[in-house]
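User: I should like to understand the terms applied to this structure. Please set each label against the rule behind it.

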Amino acid sequence: MKLNFALVIALFICTFSFAQTDEEIGNDPELTKKAEEKAKNRPGTYPVTDNIFMLKGMGGNIAVHHGIDGVLMIDTQFENISESILEAIAKETDLPLEFVINTHAHGDHTGGNKNFKRKGATILAHENTRDIMLSKMYKTAEQQALADLEKSIDEAKGISGSGEKLAAMEETKEELMIRIREQAQENMEIDYEQLPAISFQDDMLFHYNDEEIKLFHIPNAHTKGDIMVYFPKSNVIHTGDAFVNGMYPFIDFENGGSYEGYQRGLTTIMNRANDETVIIPGHGNLANRADVIEMRRMMKIFYDKVVVEYMMNKTEDQVAEMRNFSELFDEKGYGDGFITTERFLRSVYKAVALEKGRERDKNKRQTELLKKNQERAKKMDEGRQ
Ligand SMILES: [Zn+2]
């Protein structure tokens, strides 16, 4: 333990020119904590080509592309590690960071936006990604306002003689909540620094560092705002979380993600890539086309199996406990990360239930239409007689 601690401190002092002396750090628990945090959070640099490298640390994988014009970075991880990221970039190039692309809205890919914007970078994303980020800000403001309302009701409960006032508050709570929501939205200060300055609808083409960089929208996959970034000349793809390597994917149904869309997205990535393409996944190690194909295979197996269970009237809880078909992938560590086997099985079940529900509705509508037409025909027959 003691040795580890000494190592962390030594590492800290060696790496940062502005570092405090070891005595200062040793005497200040705050500084010690910061030093440990920093050493722990520092991203590792993984070369991909001469002018592209991956930064892997906390949060989603970052890709950095540099050349004659400057630096373009894909995703920003968390807010508290931006400094380490800039240090890692500075080791490779002196040119300024001009562009940041967000592959989607989640905090582990966009958390550092503000810091890089302050350094002069322009942030870009799909317009749905910007929408998701903005609506999350609204939601947070609303929740705060609603929590304040609950608190004032609770406080009123503690004051004697507030019975009438309290009853009135409870009675108009619904109305109050609507008004508070509206007010929260109106008065909210939008944190523009965190948001992309430029958004686009479908695709976008960059001409930068003597390369054409293609941004493609992957609709309704991990979220509704996913993009993949393709460097044809370098033969590199950053997939964002529309592909993660060697782990079960997270499908954010709440923000427009879908199982079917995720599978379609994998096909899109697969079609863009060839056997030499280096694929930088949203999470996990550097990958290739075969890894994407394997993920697609996994998703199909799971879906087909869960359909059968669903048709046999198995509940979500029952399916979540099954390991008979996940075993093959569990053994490879697919369920060891953020999305466990159980969580993934639940999302597959949800996707199947949604699809089967849609089919049922469609059949119902068709039956009703048929019935209506038969009745109409009958009436016309009667009219003729
Ligand atoms: Zn994500």
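**Reasoning from values to labels**

Analyst: In this predicted model, the buried residues of H10 are Tyr259, Gly261, Tyr262, Gln263, Gly265, Leu266, Ile269 and Met270.

User: What covers the buried residues of H10?

Analyst: The cover includes the strands S9, S10, S11 and S12 (278-280), together with H11 and H14.

User: How do you know that the reach of H10 is close to the span expected of a helix?

Analyst: The expected span is 1.5 Å times one less than the number of residues. H10 has 14 residues, for which 20 Å is expected, and the distance from its first C-alpha to its last is 20 Å.

User: How do you know that the span of H14 agrees with the expected one?

Analyst: The 44 residues of H14 should span 64 Å at 1.5 Å a residue, and the end C-alpha atoms are 64 Å apart, so the two values agree.

User: Which residues of H14 are buried, and against what do they pack?

Analyst: The buried residues of H14 are Thr341, Phe344, Leu345, Ser347, Val348, Tyr349, Ala351, Val352, Lys356 and Gly357. They pack against H10, H11, helix H12 (316-321) and helix H13 (327-330).

User: Why is Val307 called buried?

Analyst: Buried means under 20% relative accessible area. Val307 has a relative accessible area of 17%, and is therefore buried. Val307 is found in helix H11 and, not counting residues up to four places away in sequence, touches Val352 and Lys356. Val307 and Glu355 are 48 residues apart in sequence, with their C-alpha atoms 9.7 Å apart in space.

User: What makes a set of residues a nonpolar core, and which members of the largest one touch the most other members?

Analyst: The members must be buried residues of the nonpolar kinds, joined through side-chain atoms within 4.5 Å. The largest nonpolar core has 41 residues, and those touching the most other members are Tyr259, Met298, Met299, Phe302 and Phe344. The elements giving two or more residues to this core are S9, S10, helix H10 (259-272), helix H11 (289-311) and helix H14 (341-384). H11 gives the most, with nine residues. At least three residues of this core come from each of domain 2 (47-287) and domain 3 (297-365).

User: With which residues is Met298 in contact, and what lies apart from this core?

Analyst: Leaving aside neighbours within four places in sequence, Met298 is in contact with Tyr248, Pro249, Phe329, Tyr334 and Phe344. Apart from this core lies another, of 19 residues, among them Met133, Met137, Ala141 and Leu146.

User: Why is the site of the zinc ion called irregular?

Analyst: The protein donors of the zinc ion are His104 (NE2), His106 (ND1), His222 (NE2) and Asp241 (OD), at 2.2 to 2.3 Å from it. Four donors count as tetrahedral if all angles lie between 85 and 135 degrees. The angles among the four donor atoms here run from 82 to 169 degrees, and the site is irregular.

User: How are these donors spaced along the chain, and what makes His104 and His222 a tie between separate parts?

Analyst: The donors follow the spacing H-x1-H-x115-H-x18-D. His104 lies in the loop between strand S5 (97-101) and helix H5 (107-110), and His222 in the loop between strand S9 (211-218) and strand S10 (226-231), so the pair ties together parts that are 118 residues apart in sequence. Both His104 and His222 are buried.

User: What sets the phi of Gln77 and Asn220 apart from the general pattern?

Analyst: Most residues other than glycine have a negative phi. Gln77, although not a glycine, has a positive phi of about 50 degrees, and Asn220, also not a glycine, has a positive phi of about 45 degrees.

User: Are Gln77 and Asn220 buried or exposed, and where do they lie?

Analyst: Gln77 is in the loop between strand S4 (71-74) and helix H4 (82-90), and at 0% relative accessibility counts as buried. Asn220 lies in the loop between S9 and S10. Partly exposed covers values between the 20% and 50% limits, so Asn220, at 36% relative accessibility, counts as partly exposed.

User: How do you know that Glu142 is buried?

Analyst: The limit is under 20%, and Glu142, at 15% relative accessibility, therefore counts as buried. Glu142 is found in helix H7 (residues 127-158). Leaving aside neighbours within four places in sequence, Glu142 is in contact with Arg181, Ala184 and Gln185.

Notes: Residues numbered from 1 in each chain as written. Predicted model: local features only at pLDDT ≥ 70, side-chain atom pairs only at ≥ 80, totals over all residues. Heavy atoms only, no water. Donors = N, O, S within 2.8 Å, 3.2 Å for Na, K, Ca; no water. Tetrahedral: all angles 85-135°; square planar, octahedral: opposite > 155°, others 65-115°. Helix = DSSP H or I, 4+ residues; strand = E, 2+ residues; numbered from the N terminus. Buried < 20%, exposed > 50% of the residue type's maximum accessible area, 1.4 Å probe, protein only. Domains from an automatic or database assignment. Contact = heavy atoms within 4.5 Å.
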